[in-house]
Amino acid sequence: MNSNALQSRFTTRVGQLVLGLSMLGLAGFACAQTQVEDAWVRASVAGQQSTGAFMTVTASSDSKLISAQSPAAKTVQIHQSTMKNDVMSMQAVEFVPLPAGKAVAFNSDSYHVMLIDLVAQVKEGDKVPMVLTVEHDDGKKEVINIEAPVRALNMMDHSKMH
């Protein structure tokens, strides 16, 4: 085999390899169906046992947030706050619906993630790792790893609602 033929064959194989790797990259991108933006955790004070995590979640297909986990707390639950007869209440929910293409706000007045039995105080400037699990309408699950910065804001103290 002459050198031109060998070089052509090598170039073809490299091209196929690059194309294959590109397709894998696109496949990986296509799996990222849910976007999490502006995730943050409310700072706690010494001895405080719980706090909230907030964010905006947008799924590309009808989905639901089915769980949240974090090493920062012994228990992590998805909660919903509601107002009834001028009384705010908060309850754990099994999941949060994520309609296709619609941003769902997780805030103190609605859905949010509760970090209960904190293993240590979370302070402004810290980052809290969390793992969110989203189940899509086709039954496939997506695991999303985030690091939520801790913000010190004067918001409702969720620890007093338990």
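This passage walks through the fold, the core and a few side-chain arrangements of a predicted model.

Starting with the overall layout, the protein chain is mostly a story of strands: ten of them, plus one helix. Going along the sequence, the helix comes at the start of the pattern and the strands follow, giving α-β-β-β-β-β-β-β-β-β-β. Contacts across the sequence are plentiful here, with residues 24 or more positions apart making up 69% of the contacts that have a separation of 6 or more. Of the 162 residues in the protein chain, 33% are buried. The accessible surface adds up to about 9,800 Å², and carbon and sulfur atoms account for 54% of that.

Next, the inside. The largest nonpolar core holds 30 residues, and the ones touching the most other members are V41, M55 and M130. M130 makes a handy way into this region. Once neighbours within four places in sequence are set aside, M130 contacts both V41 and M55, along with A53, Q69, S70, V113, L115, I144, N145, I146 and A148.

As for aromatic rings, a search of the whole structure turns up two pairs. In one of them, W40 and F54 sit 4.8 Å apart centre to centre, with 40 degrees between the planes, so the pair counts as tilted, falling between the 30 and 60 degree limits. This pair ties together distant parts of the chain, since W40 belongs to strand β1 (residues 34–42) and F54 to strand β2 (residues 50–59), 14 residues apart. W40 and F54 are both buried. The other pair, F106 with Y111, is tilted too, at 6.2 Å centre to centre and 45 degrees between the planes. F106 has a relative accessible area of just 2% and is therefore buried. Y111, at 16%, also counts as buried because the cut-off is 20%. A further ring, that of F95, has a charged partner instead: K64 lies over its face, 4.7 Å from the ring centre.

Finally, S81 is worth a look as a polar residue on the inside. S81 is part of strand β4 (residues 73–84), and with a relative accessible area of 4% it is buried. Its side chain reaches the backbone oxygen of S108 at 3.3 Å. S108 also shows up among the contacts of S81 beyond its neighbours within four places in sequence, together with M88, S89, M90, D109, S110 and H112.

Key. Residues are numbered from 1 along each chain as its sequence is written. This is a predicted model: local features need pLDDT of at least 70, side-chain atom pairs count only at pLDDT 80 or more; totals for chains, interfaces and linings use all residues. Side-chain values use heavy atoms; hydrogens and water are left out. Helices (H or I, at least four residues) and strands (E, at least two) are DSSP runs, numbered from the N terminus. Buried means under 20% relative accessible area, exposed over 50%, partly exposed in between (1.4 Å probe, protein chains only). Contact means heavy atoms within 4.5 Å. Accessible areas come from the Shrake-Rupley method with a 1.4 Å probe; for residues, only the protein chains shown count as cover. A nonpolar core is a set of buried Ala, Val, Leu, Ile, Met, Phe, Trp, Tyr and Cys residues joined through side-chain atoms within 4.5 Å. A polar contact is a pair of N or O atoms within 3.5 Å; within protein, one must be able to donate a hydrogen and the other to accept it, and residues adjacent in sequence count only if both atoms are side-chain atoms. Rings of Phe, Tyr and Trp (its six-membered ring) pair if their centres lie within 6.5 Å; planes under 30 degrees apart count as stacked, over 60 as edge-to-face and the rest as tilted. A charge sits over a ring if NZ of Lys or CZ of Arg is within 6 Å of the ring centre and within 35 degrees of the ring normal.
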